[in-house]
Amino acid sequence: MKKILLILTVAATTAFSARAFSMNDIYWWLPNRIADLTDIVSLGGGLCLGLKAEARVTRAIDFSQGGGCFWVLRKDYNRHLTAALEKGYHFNFLCLGTEDYTVDAVRGVQPWFFPADGEAANVSRRYFDYQYNWFSNPANAEYDLWEGSRDWWEIAVEAGCLGYVRVAVHPIEVFDFIGGIFFIDFKHDDVD
Ligand SMILES: [Ca+2]
Ligand SMILES: [Ca+2]
């Protein structure tokens with residue numbers, strides 16, 4: 001039994017960390033765990049001209065209705081920090097629906113918590129056009145597990161009526177946080 005556990009541990013470490021273990025992993029262990037902890041929850045807020053009410057447990061069980069124009073500040077999935085003008089609509093019931101939503105964003109991407117090499121976070125202006133009819137496909141680029149701007153697996157609520165608020169929990173980041181305790185960096189977002 002111990003041998004099996006050892007093999008599984010080694011296999012998991014090899015598969016998920018994809019790099020050699022070093023003393024930096026120990027040095028950065030606590031800061032990385034704090035950063036991974038903050039990854040679990042996304043927050044957004046702002047103002048809107050429109051109406052929006054969304055609640056989902058993954059994009060397969062998604063109740064989203066509404067649209068309009070939104071001025072939003074976000075701390076979101078994959079350490080994306082954005083100030084954005086967002087416009088469009090989203091209507092979805094369970095796994096079926098339609099969306100046409102554009103995001104014009106000034107965006108800072110990781111590592112926002114510990115800037116690499118003393119530099120500020122990589123800030124750029126990006127334009128996104130999220131569209132689908134019938135089914136939101138998890139294979140789409142925006143749902144990329146490591147770099148995507150959206151989390152297909154999130155548990156989230158969003159509401160907009162003059163003001164806008166979004167709160168989301170990312171189960172995959174919970175796994176990453178737990179794995180990090182044992183030096184497994186599933187999301188490849190640890191500083192080393
Ligand atoms: Ca993480
Ligand atoms: Ca991590």
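Q: Which residues make up the largest nonpolar core, and what makes a set of residues a nonpolar core?
A: The seven residues are Cys48, Phe70, Val72, Ala84, Val103, Ala105 and Tyr164. A nonpolar core is a set of buried Ala, Val, Leu, Ile, Met, Phe, Trp, Tyr and Cys residues joined through C-beta atoms within 7 Å. Strand 2 (62-76) and strand 4 (96-109) each give this core at least two residues.

Q: What kind of model is this, and how are its parts numbered?
A: It's a predicted model, where local features need pLDDT of at least 70, side-chain atom pairs count only at pLDDT 80 or more, and totals for chains, interfaces and linings use all residues. Residues are numbered from 1 along each chain as its sequence is written, while chains are lettered from A and ligands numbered from 1 in the order in which they are written.

Q: How do you know which residues Tyr164 is in contact with?
A: Two residues are in contact if their C-beta atoms, placed from the backbone, lie within 7 Å. Skip the neighbours within four places in sequence, and Tyr164 has contacts with Gly45, Gly46, Leu47, Cys48, Phe70 and Val72.

Q: How many helices and strands does the protein chain have, and what counts as one?
A: There are four helices and six strands. Both are DSSP runs, numbered from the N terminus: H or I with at least four residues for a helix, E with at least two for a strand. Along the sequence, the pattern reads α-α-α-β-β-β-β-β-β-α.

Q: Why is Arg33 called buried, exposed or partly exposed?
A: Just count C-beta atoms, placed from the backbone, within 10 Å of the residue's own: 20 or more others means buried, 12 or fewer means exposed, and in between means partly exposed. Arg33 has 13 such neighbours, so it is partly exposed. As for the whole chain, 26% of its 192 residues count as buried.

Q: And what about Thr58 and Leu94: buried, exposed or partly exposed?
A: Thr58 has 16 other C-beta atoms within 10 Å, so it is partly exposed. Leu94 has 10, so it counts as exposed. Neither is a glycine, but Thr58 has a positive phi of about 70 degrees and Leu94 has a positive phi near 55 degrees. Thr58 sits in the loop between strand 1 (41-57) and strand 2, whereas Leu94 is in strand 3.

Q: How do you know that strand 2 and strand 3 pair?
A: Two strands pair if DSSP finds at least two bridges between them. Strand 2 and strand 3 (residues 80-94) have 13 bridges, so they pair, in the antiparallel sense. One bridge joins Cys69 to Lys87 in strand 3.

Q: Why is helix 3 described as roughly parallel, antiparallel, perpendicular or oblique to helix 4?
A: The angle between helix 3 and helix 4 (residues 171-181) is about 165 degrees, and their axes are 8 Å apart. That makes the two helices roughly antiparallel. Angles under 35 degrees count as roughly parallel, over 145 as roughly antiparallel, 65 to 115 as roughly perpendicular and the rest as oblique. The axes are lines fitted to C-alpha atoms over the stretch in contact, with angles from 0 to 180 degrees between N-to-C directions.

Q: Which residues of helix 4 meet helix 3?
A: They are Glu173, Asp176, Phe177, Gly180 and Ile181. Arg33, found in helix 3 (residues 29-39), touches Phe177, Gly180 and Ile181, leaving out residues up to four places away in sequence.
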